[in-house]
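Hi there,

Here is the structure I promised to pass on. Have a look at it first, and my notes on what turned up follow below.

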Amino acid sequence: MVCSAVPLLLLAMTLPIMGSPVAPGSQPGPSQAGGESGQQLDQASGAGESVLVLVHVQLDFSHETWLAALSRTLTLPPASASSSPRTLTGLSLTTECKVKPDGLTYCACLSGYQWNASVCSRHHPCQQSYNHRPCGCLVFSLPDAGYCQLLPPGGPVSCLPVVPGTLRLNSWLQAPGNTLNLTLVTSHETTNLNWFLWHSPRPILLQPGTHVSLSSSQGQAVLSIVNISHKWEGEYMCCFEAQGFRWELYQMVRVPLQATDVTRLPDQLSVSCATSPGFQLSCCIPPTLLGYLASWSPGEGSGASLFNMPGDRCLVLAVQHCPTADTTYTCDLQSPGLAPLRVPISVTIIQDGDTTCPEDSSAAAWNVTKAGHVAQAPCPVNRTGMVKRTCGSDGVWGPIHSNCTDSGLLALLQRAQLLWAGQGWPDEEVPQSLAQLLEQTVLVSSPSDLLALLDTMTVLAKVVADTRIHLNRSALEALLKTTDKVLDMDTNSLWTPAQVEKPSASSNLLLAVETLARSLCPQDHPFSFSLPNVQLQTQLLRPTFPDDYRVSFPTQPPLQAQIPRYSLAPLATSNSTATITSLVLQKLDDLLPSHYGQGLEDALYATPGLVFAISIMADGQAFSQGEVVMDFGDRDSTVHCVFWDHHLFQGNGGWSDVGCQVQAANASTTTQCTCRHLTAFSILMSRHPVPENPSLELLSRVGLGASILALLVCLGVYRLVWRVLVRNKLAYLHHAALLNMVLCLLAADTCFLGALLHPPGPRSSLCLAAAFLCHFLYLATFFWMLAQALMLAHQLLFVFHQLSKCRVLSLMVVLGYLCPMVFAGLALGLYLPQGQYLREGECWLDGKGGALYMFVGPVLVIVGLNGLVLAMAILKLLRPSLSEGPQVEKRQALLGVIKALLVLTPIFGLTWGLGLATLLEEVSIVPHYIFTILNTSQGVFILLFGCLMDKKVQQALLKRFGRAQPPNSTISLATNETHVLEHSKERPEDVSYEERLT
């Protein structure tokens, strides 16, 4: 224990001192405590009297001479001429010190001695522990060297010191999930009691958390840890002060592993013996104090080997010969005195004839896998988790699902979780974790990485809120820089899949940043920080608040906020120092879920691109009852003042307008909001900020109403004259198609008008049903137009190859209703799960996704086909055969074609073709007017040209209401019934074109 050639500081305790003549001996060097020692020696008087005193003597020796020197009797010089010399008859070493090159002295107490609690509190301990002894080694500067004191003596049997307390454990072996209770029973008054869990390189402080609770009463203190696992096993240390000394008691706790602690790779396997005669299985366990023996069964024909992985120990089984049938391999883990832990891995053997997915090495090494099974692959280096891929029942590989997470991010998350549970020093570890998170943001490459980072921020915020610690400026800057980078991360590849897995991810980020941002140390205020996505301003409010609190941010448009002075009055009366934190987070509002509270759920809104959060902290408590007035700048549309309520929608959060209202700004068009509480605010606006056009909306409603009325009149006319119109096959098929068009268009217009008059909200089931029905019914109208056109083409081209009426009608029904139902169902099934089915703010198909093209595509094709049929019909009528009459009849046919063109144009959807541009993108207001007028006149066109201008309809109506009309022969193109002019009586043998077609 002695280093030669280095000054050795020895501190001695004297035994009884006898008055005697001076004996020759080695003289001690100058004592640094000579004054105190001299006074004590002077108080010992009387020849031959024994007095027990403490003497601080510094002896400097070199090499090994100190052993011989201490074997002699030492004589101390008298303190004064009147006092007699004193003889030191016994000398015990208490402290051994070593002077380091840095000029500091490292002093360790020898057995039976210890630094008292006062000295311990003023000096730092040596870097490494000293035999698990409290205050066993301290660091001194040379002028301040002290000495260890004698511990309280033990009983008559043992000379060891008695620790004034005992440590009791309910069980040294704790079952996972149980509660650990460690109790300190003391016989003396204790102070400065702390609990530690010994982990290399230093013990970890245990404090109240989600798992740890501390309690104390007279004579005892209890440490309780709920839901214990192997992460809580180790050596527990109870450190306390009593009788002027610091004491430490130790207790070892062991926790067996659970099956969930064992990592299997893979957890199931399907293998083809033809392509893979051998395979490997592995089970890995974390470090544990309990020794486990691992083995595989069955193990015949296989070789097992042990590997040390980062943080785990793995037993790998290499199966050399593929089994002939399905086999379950078991990893057996046995620890003395414990029940064996068995972890199974099922291996399925692919037999001949089984459906399989082929080998694929596109993204990873996917071996041949049986249908219905899940193939697994390890994560890349420095990533933790598993990559899985399902083999479908049809032998087709499914998508790859990976939960691989960067090991560094995962380690930060696990450490933060333990810190929240109660392990560690929050005031030290929270700033360190925030700095490390900033460094780890560049490693975020997957949704699981993003979730690990967000979860770490959330847990750290909960630690800060529970422990009420403060952050310094550097820690807060690291947080804000991390937040800025997180808000810039890609939405499609990172944020969207992350929020599908965890819908509350963005809401948790907002709450975490709010909590951490307002935890700045009071001495660091005021503080201002600005980044592209994050802006922060803080201010320290003294007990007297002279004016209103005002803050502004250079956003576009500028954002201003004000807290009136009367709202801060409660803080002034309490004479407390308060801090105000104002925070702007841009882009976060687009990441928050579109959840709306009561009164807001029947509409779809947009936010201004930012979230504004303001908070007041006074005496460590959040002051949330203040009133705040916010100016969000000039906004074109009607807005709602809202705040983000983290409690809505099962904790996923949502916008609420409770306690907030829009306030008209004085002499300004800006939007001002007044809220009676402090939290995160924003405003909700219409998705399309273009001002509404009342005249266009009125025109749409009036036009739809007129169209519905015209279609109802058309149905009434058909009811009166139906039997007269359908006396032959061609007329029947034509009017049947026209009647179905009227019914579909009537239902579609009614549904569309109902959605305009009483909008049920774009997220409601009524809105979804309205959009689907409109899609189906409008498409059905077009397909019945197509059916009529195809029927006309067949009659013109295949004059002598006619089909029966029932067969043609059946084909028309299939085309008119089944085809549009297929397109409408596909649009609903494909785009509704992706959130791209409904148009923003309307009960109609989304124009940004592919849902609208499920309507536009068939319409374009049908309009094109109808145009071709119309052109063919015109050419056919302009080039009549020799049997169709003389030249004068050709001129009459040309006039009939012109009438037909005027009627077929709206029927074949040319009006909808004109309106496609307005459906696909925003254009000027003029095309909207043109399309609205033409589109809402469809019913009127059908009534006038498809019904009332039909000669047969006119004749039937006149006959029904008592007016006779002389017979007349003409070409009726309005009903697609072509009549050849009856010739003179000289040619009675000629028949009409209609009779020839039937």
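**Salt bridges**

D449 and R383 join their side chains in a salt bridge, 2.9 Å from N to O; the term covers a side-chain nitrogen of Lys or Arg within 4 Å of a carboxyl oxygen of Asp or Glu. D449 sits in helix α6 (residues 447-467) and R383 in strand β29 (residues 383-384), so this contact ties together parts 66 residues apart in sequence. Helices (H or I, at least four residues) and strands (E, at least two) are DSSP runs, numbered from the N terminus. D449 counts as buried, at 0% relative accessibility; buried is under 20% relative accessible area, exposed is over 50%, and partly exposed lies in between, with a 1.4 Å probe and protein chains only.

Before you go further, please note that this is a predicted model, where local features need pLDDT of at least 70, side-chain atom pairs count only at pLDDT 80 or more, and totals for chains, interfaces and linings use all residues. Residues are numbered from 1 along each chain as its sequence is written, and side-chain values use heavy atoms, with hydrogens and water left out.

The count of salt bridges comes to 8. Another one in helix α6 involves D455, which pairs with K502 at 2.7 Å between the closest N and O atoms. K502 lies in the loop between α8 (491-501) and α9 (505-517), so the pair ties together parts that are 47 residues apart in sequence. K502 is partly exposed, with a relative accessible area of 27%.

D360 and R389 also meet in a salt bridge, at 2.7 Å from N to O. This pair links distant parts of the chain, 29 residues apart: D360 is in the loop between β26 (356-357) and β27 (369-370), and R389 is in strand β30 (residues 386-391). D360 is buried at 18% relative accessible area, and R389 is buried at 11%.

**Disulfides**

A search of the whole structure gave 11 disulfides, each a pair of cysteine sulfur atoms within 2.5 Å. One of them joins C109 and C148, with the sulfur atoms 1.9 Å apart. The link of C109 and C148 is left-handed, with -85° about the S-S bond. C109 is in strand β6 (residues 104-109) and C148 in the loop between β8 (137-141) and β9 (149-150), 39 residues apart. Both cysteines, C109 and C148, are buried.

You may want to look at C120 and C135, whose disulfide has an S to S distance of 1.5 Å. C120 lies in helix α3 (residues 117-122) and C135 in the loop between α3 and β8, so the pair ties together parts 15 residues apart in sequence.

C283 and C331 form a disulfide too, with their sulfur atoms 2.0 Å apart. It links C283 in strand β20 (residues 279-285) to C331 in strand β24, 48 residues apart.

What about C238? The closest cysteine sulfur, in C239, is 7.6 Å from that of C238, too far for a bond.

**The sheet**

Strand β24 also belongs to an open sheet of 4 strands, in the order β19-β25-β24-β21 with mixed pairing; strands pair if DSSP finds at least two bridges between them. β19 (268-271) and β21 (293-297) stand at the edges with a single partner strand each, so one side of each has no neighbour in the sheet. β24 (residues 327-334) and β25 (residues 341-349) run antiparallel, joined by 7 bridges. T328 has S346 in β25 as its bridge partner.

Best wishes
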